[in-house]
Amino acid sequence: MERKVKNIVVVIAPYDKNMLKAIFNAMVIDLINIVVVGAKTQIVSLCQSIHLNANLLEIVDCSEEKNINNEVQKILNEQNVQGIVYGHYENLVAEKILKPEFEVEILNFTICKQLLFIANCYQGDNNKITDKKDFILETKKVMNDLMIYNHTIGLVTEDKNKVMEMEKKVLKKTLCNCKIDIISTKQIFKGKHNLIVFKNNDASTIFTETAKMSMQVKSIKIKKASNYYLVDAFEKDFKDIFFAFILLSKITLNKAEIKAQVS
């Protein structure tokens, strides 16, 4: 049987105990191949403080932040990288290199049998997606990359009215008759819908922050940029960072095929 090639993830500036613990946990279960970029002495020292063996890490030493951009770009050019996870790097090197245009929040509730995908408008300089239909289409692509092909859309509102019904009809027509329902916040947890669309980003933020305080949930925002996925792990919990590694291990982007199409 042919052995599945593990995805490669670049981790930038993991100067945080939660990030390092998530990296080692991902390595222990042979989840992904990880290349760490950052100040080696700082990473080694932090590993020692939490009794982790830094010798197990593949570290590209960049003691000066200004050199990280070039080193990351070299890795992207030379290896089949699927994702980038970045931590304590104030210049947000990953976003400067790749310029994300879209963001999706992925949640894993213990009370739900499936992942929930929340289509968000990315609040960045490169955002070109402003239409709700496009949010949904981009989220569907992320789900496909994770080999989730059943997309059931829930338009969340506490005020079901004629305007919402009209929006539903228009979306259904433009999205080739996808399964779309108008649902309340409580109905999200019934497990019938896996692509959730709120009225705006503020509404989705309130939902996720409230959920984190009241129930067990893993959540991470993943940005899509060109042919890569980006995760901001700065000050995130261990469980959420590890959840991001699990998701990145399942991404099925075919870079060789993409490069052939481009050339």
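Start by selecting helix α1, residues 17-28, and helix α2, residues 40-49. This is a predicted model. The two helices pack at an angle of about 80°, and their axes are 10 Å apart. Angles of 65 to 115 degrees count as roughly perpendicular. That is why α1 is described as roughly perpendicular to α2.

Now show the side chains at this contact. On the α1 side, pick K17, L20 and F24. Across from them, in α2, pick I43, L46, C47 and S49. How many nonpolar, polar and charged residues does the contact of α1 with α2 have? Color by class and count: 5 nonpolar, 1 polar and 1 charged.

Next, select the strands. They form an open sheet of 11 strands with mixed pairing. Walk across in this order: β3-β2-β1-β4-β11-β10-β5-β6-β9-β7-β8. Which strands stand at the edges? Select β3 (58-61) and β8 (179-183). Each has a single partner strand, so one side of each has no neighbour in the sheet. Look for the twist as well: it averages 25° from one strand to the next.

Zoom in on one pair within the sheet. Select β6, residues 116-120, and β9, residues 195-197. These strands pair in the parallel sense, over 2 bridges. Click on I118, then find its bridge partner in β9, I196.

Last stop: helix α3, residues 68-78. Which strands does α3 lie across? Select β1 (8-12), β2 (33-38), β3, β4 (81-86) and β11 (228-232). Then look along β2: α3 runs at about 160° to that strand.

Definitions and conventions
Residues are numbered from 1 along each chain as its sequence is written. This is a predicted model: local features need pLDDT of at least 70, side-chain atom pairs count only at pLDDT 80 or more; totals for chains, interfaces and linings use all residues. Side-chain values use heavy atoms; hydrogens and water are left out. Axes are lines fitted to C-alpha atoms, for helices over the stretch in contact, and angles run from 0 to 180 degrees between N-to-C directions. Helices (H or I, at least four residues) and strands (E, at least two) are DSSP runs, numbered from the N terminus. Angles under 35 degrees count as roughly parallel, over 145 as roughly antiparallel, 65 to 115 as roughly perpendicular and the rest as oblique. Contact means heavy atoms within 4.5 Å. Ala, Val, Leu, Ile, Met, Phe, Trp, Tyr, Cys and Pro count as nonpolar, Asp, Glu, Lys and Arg as charged, and the others, Gly among them, as polar. Two strands pair if DSSP finds at least two bridges between them.
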